[in-house]
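I opened my notebook and went through this model one step at a time. Here is what I looked up, in the order I wrote it down.

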Amino acid sequence: MDNGRFVLDGALADEIRSGVMGDGFMKLVQSVRRNGKTFKIAMRPVEIGGLRKFQAEMTDDGQVQVKNFGADDASAGLEEIIAQKGARDLHLMTAKGDLHVRVTKKGHVLVSRSAAMERKVSVKPHDRVKNLPLTSFDSAALLRVTGLADGEGRIRASMRGKYDQVNEFLKVVKETVDAAKGGGTGPFTVVDCGCGKAYLTLSLYFYLTRTLGFKDVKVYGVDRRADVVASAREMAKRLDAEDRVVFAESDLADWKPGFERADMVISLHACDTATDEAIARGVEWKAKYILSALCCQHELQKRLAELGGRSEGPAADFGGLLRQSILRERLCDILTDSFRAMILRILGFRTQVIEFVSSEATARNILLKGEWGVKPGQPGPVSEYLNLRDYWKVTPWLETRLEKLLERHFSRFDESK
Ligand SMILES: C[S@@+](CC[C@H](N)C(=O)[O-])C[C@H]1O[C@@H](n2cnc3c(N)ncnc32)[C@H](O)[C@@H]1O
């Protein structure tokens, strides 16, 4: 077929209309190239709350937007697709077969069809029904751009673990801000320390704004690796969020933010002492909430290994445990995390240690929640901390890092004895 005027003739337009609005509709994709850029729209059927709807994913020069429509709006959108001017490719997939339409730069309309088929069409319920944070809003673009999902919107098998971690972390965020009735209003600044590939950083921004109703959110992701920061910036741009989700390539200890205080400081498996640095920076930025999925800490391990080689001190009580490297490592993790929680408590945070994902998903499944709001330096928590520290004859990295803040509580406690 060649009408030479860029326009699809009536019969062809009707074929597309009945293909999209009929029962056997699978997918419609139209790509338009203009001025060296590509604009693409993909429509597919979805089931939301038991109702048949249409999902449109629009990609404009790399920026992705996804919306769900009822039949009337989808039909109006389809008319715009059909009426599109200029060179383009259109691919319609239905249970009965494929239709390809190519409109050339000169306006020639070239049509080809596959052989007749009898494909089975199953419209999967939209993920929303599972009630996970990442499905509580239209997260298709986010999931695809971050690479958590493939081009068809399916969570990649290799990313399932990270997808689950992000969802569970977001649930903790919700519980935390709900409990504090902190949602919905005012500016809200978050820092993701050791953000890596920014799965959590970007997800948190969209979850806070789209699902929890926060109005003026700014999320910073900090990581010392140039490559992950560059790709995170690119993803924020593609999601049209680069003004609100800002990435810094820096060591956490050196980063100089443009704010005085942050509302929430988070970290998800920031390696080794980066977890401590994240907690320390949360304290210094006077964060109301510190949420840290903890990572192991190597320094204390060395110290416990030395202690295990002796016969006096903790080794007299725990020798059998300290000599076994696996048990020693586990003990070290428990001690490190206890010290972290106790230090936060001394500094005025209500603390809670929870398992945020199952231990089968990752062995690093402990999350420390700190919420500002108790009197700092109370004798009970100080005494508990000093007793444990002195028993093990160690100085936790976080104590050294926050020495100036802790020292005044320790000396006041000494004087009161
Ligand atoms: C295990 S990855 C976790 C990344 C991300 N939070 C996630 O869960 O997908 C740890 C990240 O922390 C970063 N990191 C480690 N130490 C850091 C430091 N001192 N300053 C900034 N980033 C650091 C690493 O570059 C790495 O990207």
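**Entry 1: around the ligand**

I began with the shell around the ligand and sorted its residues by kind: ten are nonpolar, three polar and six charged. I kept in mind that I was reading a predicted model.

Which residues come nearest to the ligand? I found that G194, G196, L252, L268 and A274 do, out of the 19 residues around it. I also looked for the elements that supply at least two residues of the shell each, and noted α5 (199-211), β9 (216-223) and α7 (273-284).

**Entry 2: the whole chain**

Next I stepped back. I counted 13 helices and 14 strands in the protein chain. The radius of gyration is 28 Å, while the globule rule gives 22 Å for 417 residues, so the chain is more spread out than a compact globule. I then looked up the box that the C-alpha atoms fill along the principal axes, and it is roughly 95 × 45 × 40 Å.

How much of the chain is buried? I wrote down 36% of the 417 residues. I also checked the contacts with a separation of 6 or more: 66% of them come from residues 24 or more positions apart.

**Entry 3: the antiparallel sheet**

I turned to the sheets. One is an open sheet of seven strands, and I read its order as β4-β3-β2-β1-β5-β6-β7, with antiparallel pairing. Which strands are at the edges? They are β4 (63-69) and β7 (109-113), and each of them pairs on one side only. Ignoring direction, I found that neighbouring strands here are turned by 15 degrees against each other on average.

A reminder to myself: strands of a sheet pair through backbone hydrogen bonds, either parallel or antiparallel.

I followed a few of the pairs:

- Strand β2 (residues 37-48) is joined to strand β3 (residues 51-60) by ten bridges, in the antiparallel sense. Here A42 stands opposite E57 in β3.
- Strand β1 (residues 25-34) runs antiparallel to β5, with seven bridges between them. Here V32 faces R88 in β5 as its opposite residue.
- β5 and strand β6 (residues 97-103) are also antiparallel, over seven bridges. T94 stands opposite G97 in β6, and the two strands make a hairpin with two residues between them.

Is strand β5 mostly covered or mostly open? I found it mostly covered: in this strand (residues 88-94), five of the seven residues are buried.

I also looked for a helix against this sheet. Helix α2 (residues 71-83) lies across β1, β2, β3 and β4, and runs at about 135 degrees to β4.

**Entry 4: the mixed sheet**

The other sheet I looked up is open too and has seven strands, in the order β10-β9-β8-β11-β12-β14-β13, with mixed pairing. Its edge strands are β10 (245-249) and β13 (349-355), each pairing on one side only. From one strand to the next, the twist averages 15 degrees.

How do β9 and β10 run, parallel or antiparallel? They run parallel, and five bridges join them. Y220 has V246 in β10 as its bridge partner. Helix α6 (residues 226-238) packs on this sheet, where it touches β9 and β10, and its direction makes about 165 degrees with that of β10.

Then I moved on to strand β14 (residues 366-372), which is mostly covered, with six of its seven residues buried. I traced its pairing on both sides:

- Strand β12 (residues 289-293) is joined to β14 by five bridges and runs antiparallel to it. Y289 stands opposite E371 in β14.
- β13 also runs antiparallel to β14, and seven bridges join the two. T351 stands opposite G370 in β14.

**Entry 5: one glycine**

Last, I picked a single residue, G320, and located it in helix α9 (residues 314-322). Is G320 buried or exposed? It counts as exposed, because I found 10 C-beta neighbours inside 10 Å, and the cut-off for exposed is 12 or fewer. I also took its distance to T362: the two are 42 residues apart in sequence, and from C-alpha to C-alpha they are 27 Å apart in space.

Conventions
Residues are numbered from 1 along each chain as its sequence is written. This is a predicted model: local features need pLDDT of at least 70, side-chain atom pairs count only at pLDDT 80 or more; totals for chains, interfaces and linings use all residues. A residue is near a molecule or strand if its C-beta atom, placed from the backbone, lies within 6 Å of it. Helices (H or I, at least four residues) and strands (E, at least two) are DSSP runs, numbered from the N terminus. Ala, Val, Leu, Ile, Met, Phe, Trp, Tyr, Cys and Pro count as nonpolar, Asp, Glu, Lys and Arg as charged, and the others, Gly among them, as polar. The radius of gyration is taken over C-alpha atoms; the globule rule is 2.2 Å times the number of residues to the power 0.38. A residue is buried if 20 or more other C-beta atoms lie within 10 Å of its own, exposed if 12 or fewer, and partly exposed in between; C-beta atoms are placed from the backbone. Two residues are in contact if their C-beta atoms, placed from the backbone, lie within 7 Å. Two strands pair if DSSP finds at least two bridges between them. Axes are lines fitted to C-alpha atoms, for helices over the stretch in contact, and angles run from 0 to 180 degrees between N-to-C directions.
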